[in-house]
Amino acid sequence: MNDYLYEVRGISKNYGSVVALEDVSLGVRAGEVLGLVGDNGAGKSTLVKVLSGAHQPDVGDILLDGVEHTWRTPHDALEAGIETLYQDSGLAPNLSVGANVFLGRELTMPGPLGRLGFLANRRMETVAHEELDRAGIGVASADRTVSELSGGQRQAVAIGRAVAWARKVIILDEPTNHLGARQANEVLDVIRAAKTKGLGVIFISHTLPHVLEVTDRIVVLRLGRVVKDAPTSAFDAQSLLGTITGLIGADAP
Ligand SMILES: Nc1ncnc2c1ncn2[C@@H]1O[C@H](COP(=O)(O)OP(=O)(O)O)[C@@H](O)[C@H]1O
Ligand SMILES: [Mg+2]
């Protein structure tokens with residue numbers, strides 16, 4: 001037994017003859033930030049796809065709140081409270097911030113026009129603003145279009161949207177890539193806000209200082225296997241890099 005909110009046990013996944021994941025077990029607790037790191041090809045993206053329901057594992061179990069689940073599609077995982085932000089943020093540049101927060105789950109007005117899908121725009125903008133505020137994001141106005149925002153602000157909206165909707169778990173794949181230092185810090189603040197909200201956060205990044213700064217625990221993948229799972233305080237920049245590259249030996253399985 002353990003106190004994981006979201007967990008995988010014994011996950012393996014092959015693409016033809018390529019072993020992308022082999023016997024991977026890990027979990028995240030509520031209110032915890034788990035860092036997931038590894039070199040290119042280590043299996044991070046494949047694991048994210050399994051966790052988000054985009055891919056099914058060949059073998060292994062997925063447990064949310066200790067209950068086994070099978071995600072047939074990403075929608076199944078979303079409905080269960082698991083939000084995933086992929087490297088490509090998926091924002092619609094021509095829509096407002098508010099509309100983007102509700103993209104794919106638009107509020108519709110009750111009443112005669114409801115069936116026609118008449119969108120409650122003003123209500124969406126208001127709720128969007130509240131949700132972004134709650135997620136710790138200072139986007140000046142929810143009715144500005146995304147194309148007017150800087151790269152960092154866009155990323156903040158994308159993450160804020162995910163944090164606002166997530167009920168259990170949020171998975172962030174390289175959210176600080178291509179951001180300047182100040183913007184990256186804003187993203188790290190949003191991660192802290194998600195943690196405070198009691199979500200389980202899985203943070204994938206190549207930027208090791210960010211991982212060391214914001215995570216509680218780190219799992220290192222190498223060639224599809226977990227080679228280390230330890231509290232962040234057990235690492236420094238050098239030992240983390242060494243564990244990723246294999247210059248520092250893995251824990252014996
Ligand atoms: N769709 C795919 N088809 C074939 N091989 C894949 C596919 N996706 C990933 N792989 C392979 O699986 C391994 C793990 O890749 P990936 O999960 O993308 O690692 P990471 O995100 O850590 O760079 C790599 O060897 C990669 O080439
Ligand atoms: Mg990847």
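Strands β9 (residues 217-222) and β10 (residues 225-231) run antiparallel to each other and pair over six bridges. Strands here are DSSP E runs of at least two residues and helices are H or I runs of at least four, numbered from the N terminus; two strands pair if DSSP finds at least two bridges between them. Within this pair, Ile218 has Ala230 of β10 as its bridge partner. The two strands make a hairpin with two residues between them. One oddity sits in that loop between β9 and β10, namely Leu223, whose phi is positive at about 50° although it is not a glycine.

A note on what you're looking at: this is a predicted model, where local features need pLDDT of at least 70 and side-chain atom pairs count only at pLDDT 80 or more, while totals for chains, interfaces and linings use all residues. Residues are numbered from 1 along each chain as its sequence is written, chains are lettered from A and ligands numbered from 1 in the order in which they are written, and side-chain values use heavy atoms, with hydrogens and water left out.

**The six-stranded sheet**

The hairpin belongs to an open, mixed sheet of six strands, in the order β6-β7-β8-β3-β9-β10. β6 (82-85) and β10 are the edge strands, each with a single partner, so one side of each has no neighbour in the sheet. On average, neighbouring strands are turned by 15° against each other, direction ignored. Strand β3 (residues 33-37) pairs with β9 in the parallel sense over four bridges, and Val37 has Val220 in β9 as its bridge partner.

Two helices lie across this sheet. α1 crosses β3, β6, β7 (169-173), β8 (200-204) and β9, at about 155° to β7. Helix α5 (residues 151-165) lies across β6 and β7, at about 170° to β6. Contact for these means heavy atoms within 4.5 Å; axes are lines fitted to C-alpha atoms, for helices over the stretch in contact, and angles run from 0 to 180 degrees between N-to-C directions.

**The four-stranded sheet**

Another open sheet has four strands in the order β2-β1-β4-β5, with antiparallel pairing. Its edges are β2 and β5 (67-69), each with a single partner strand, so one side of each is left without a neighbour in the sheet. The twist averages 30° from one strand to the next. Strand β1 (residues 6-15) pairs antiparallel with β2 over seven bridges, and Glu7 stands opposite Gly27 in β2. β2 also holds Asp23, a residue other than glycine with a positive phi near 55°.

**Around ligand 1**

Which elements each supply at least two residues of the shell around ligand 1? They are β2 (18-28) and α1 (44-52), with α1 giving the largest share, three residues. A residue is near if one of its heavy atoms lies within 4 Å. The shell divides into four nonpolar, five polar and two charged residues; Ala, Val, Leu, Ile, Met, Phe, Trp, Tyr, Cys and Pro count as nonpolar, Asp, Glu, Lys and Arg as charged, and the others, Gly among them, as polar.

Some polar contacts (N or O pairs within 3.5 Å) to oxygen atoms of ligand 1:

| Residue | Protein atom | Distance |
|---|---|---|
| Gly41 | polar backbone atom | 2.7 Å |
| Lys44 | N or O atom in the side chain | 2.8 Å |
| Thr46 | polar side-chain atom | 2.5 Å |

The protein covers 60% of the 570 Å² of accessible area that ligand 1 has on its own, by the Shrake-Rupley method with a 1.4 Å probe.

Methods. Polar contact = N/O pair within 3.5 Å; in protein donor to acceptor, adjacent residues only side chain to side chain.
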